[in-house]
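Reader: I am in my first year and would like a close look at a single part of this protein, namely its aromatic rings and its cysteines. Could you take me through them slowly?

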Amino acid sequence: MYDVIVIGSGPAGCAASKKCAELGLRTLMVDRRLEIGAPLRDFEIVSRDGLQSLGIDIEKHWLDLSFRKIQIIFGNVRSTVILDDMEICSIEADKFEKHIAALSSRAGADIMIKTEAVSFVMERGTVSGVRLRSGNAENEEKCRIVIFAGGVDSPILHGIPELVYSGDRVVARTLQRRVVADFGKLDSIDLYPGDNLRHIFAVIPKGDNLANVVLVSRDASIDAVRYMNDFMDNVLKLKKWGSLQDVSSEVHSGKIPLKLGVPGLILTGESTGINHDNWVMGIENAYSSGVWAAEAAKKMIENGEFEELSEYRKKIMEVTGHIENRNFREKLDNLDADALRSRLTASGTLHFQMHGSLLDILEKFL
Ligand SMILES: Cc1cc2nc3c(=O)[nH]c(=O)nc-3n(C[C@H](O)[C@H](O)[C@H](O)COP(=O)(O)OP(=O)(O)OC[C@H]3O[C@@H](n4cnc5c(N)ncnc54)[C@H](O)[C@@H]3O)c2cc1C
């Protein structure tokens with residue numbers, strides 16, 4: 001019997017299973033995906049310091065480029081932000097996920113892909129295992145603690161009514177396109193807010209005439225492909241370009257759980273729902289939360305009883321809660337194009353000592 005079954009092999013699941021194995025717990029991590037790292041789900045931007053502080057050394061085979069410069073381009077106005085104390089990296093997210101899964105395997109965790117957790121096994125109000133489906137076969141796997149790291153869309157959690165309290169809604173639409181074109185020399189991440197400030201495009205260089213062009217819209221009903229094509233033709237004005245990959249997604253607020261766990265079960269990463277009304281938790285915070293979930297699991301196994309996870313919640317809130325207090329959504333709603341234009345014009349080139357938070361830049365212009 002496993003001590004811990006971790007459901008989900010995203011950043012939170014990999015962190016949790018690695019830490020559990022390091023803490024000497026017999027650990028299994030399962031994912032329903034056909035392959036770890038695919039399909040792609042994120043834009044692939046991380047901070048070098050952030051990852052290193054989590055003990056993940058950046059490896060060349062998944063690092064594309066790193067930057068200290070961000071440009072914000074709004075019509076004819078351009079403002080440059082130089083990051084004095086931070087490097088942001090564009091990475092190959094699929095290879096990154098395989099890398100962190102390998103770290104967890106090396107630490108001693110077992111990993112099974114193409115394996116979906118379909119329901120929890122309950123005994124006297126306590127989660128005591130998981131029902132797993134692999135192809136046509138189903139089996140019950142018992143364990144002492146389940147760590148759920150299944151991300152935002154987690155229907156399996158709805159089987160535990162006391163966890164779930166809020167309705168699901170779509171908060172944004174995204175489209176990322178891997179483009180090959182003659183970009184010339186790109187040495188910055190370029191952001192292009194749309195005229196109505198409801199959407200923003202980002203051009204993230206990947207080297208070798210490749211870049212990810214990303215659209216994030218707060219209006220989930222838009223025709224993202226049409227917006228994207230229009231941006232490529234009329235704003236970037238590339239002579240010739242080809243699309244190697246188009247990944248469109250809706251960002252859901254998810255059904256936000258009231259608690260971070262019930263006896264036998266701990267939620268981690270995006271599945272906690274913390275901060276979904278604002279945006280997403282992000283790779284680094286999801287990873288940190290996975291480590292803390294593993295520590296909480298170890299403690300519960302040692303003490304033989306469920307604890308209320310208040311310390312665990314506090315830690316997650318400390319790293320993600322600062323987003324909540326900044327009212328970004330409200331400030332964005334109140335910002336108009338003229339105000340943004342004059343702020344960008346006034347700022348020219350800005351130097352930033354950000355102590356690790358990209359959100360400081362956003363705040364500067366809101
Ligand atoms: C469009 C978009 C762009 C983003 N860009 C960035 C970015 O540039 N930088 C950044 O830091 N963050 C970014 N993020 C956020 C980042 O993707 C998330 O914070 C991170 O992936 C969360 O990790 P997680 O492990 O909690 O969940 P996920 O990464 O979502 O992993 C959940 C895993 O659980 C598996 N799973 C779910 N249910 C089950 C089940 N029942 N049985 C088995 N397996 C299951 C899924 O298959 C999945 O592999 C972006 C998010 C979106 C949506």
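Author: A residue is called buried when its relative accessible area is under 20%. In this predicted model, cysteine 20 has a relative accessible area of 0%, and therefore counts as buried. Cysteine 143, with a relative accessible area of 5%, is buried as well. Where, then, is the nearest cysteine sulfur to that of cysteine 20? That sulfur belongs to cysteine 143 and is 10 Å away, whereas a disulfide needs two cysteine sulfur atoms within 2.5 Å, so cysteine 20 is in no disulfide. Seen from the other side, cysteine 143 has the sulfur of cysteine 20 as its nearest, and cysteine 143 is likewise in no disulfide. A search of the whole structure agrees, since the number of disulfides found is zero.

Turning to the aromatic rings, the search of the whole structure finds four pairs. One of them joins tyrosine 192 and phenylalanine 231, whose ring centres are 5.0 Å apart and whose planes meet at 75 degrees, so that the pair is edge-to-face. This pair links distant parts of the chain, because tyrosine 192 belongs to strand S13 (residues 189-193) while phenylalanine 231 belongs to helix H4 (residues 224-236), and the two are 39 residues apart. Both tyrosine 192 and phenylalanine 231 are buried, and together with Phe201 they form one aromatic cluster. Elsewhere, a charged residue meets a ring: arginine 26 lies over the face of tyrosine 2, at 4.4 Å from the ring centre.

Key. Residues are numbered from 1 along each chain as its sequence is written. This is a predicted model: local features need pLDDT of at least 70, side-chain atom pairs count only at pLDDT 80 or more; totals for chains, interfaces and linings use all residues. Side-chain values use heavy atoms; hydrogens and water are left out. Rings of Phe, Tyr and Trp (its six-membered ring) pair if their centres lie within 6.5 Å; planes under 30 degrees apart count as stacked, over 60 as edge-to-face and the rest as tilted. Helices (H or I, at least four residues) and strands (E, at least two) are DSSP runs, numbered from the N terminus. Buried means under 20% relative accessible area, exposed over 50%, partly exposed in between (1.4 Å probe, protein chains only). A charge sits over a ring if NZ of Lys or CZ of Arg is within 6 Å of the ring centre and within 35 degrees of the ring normal.
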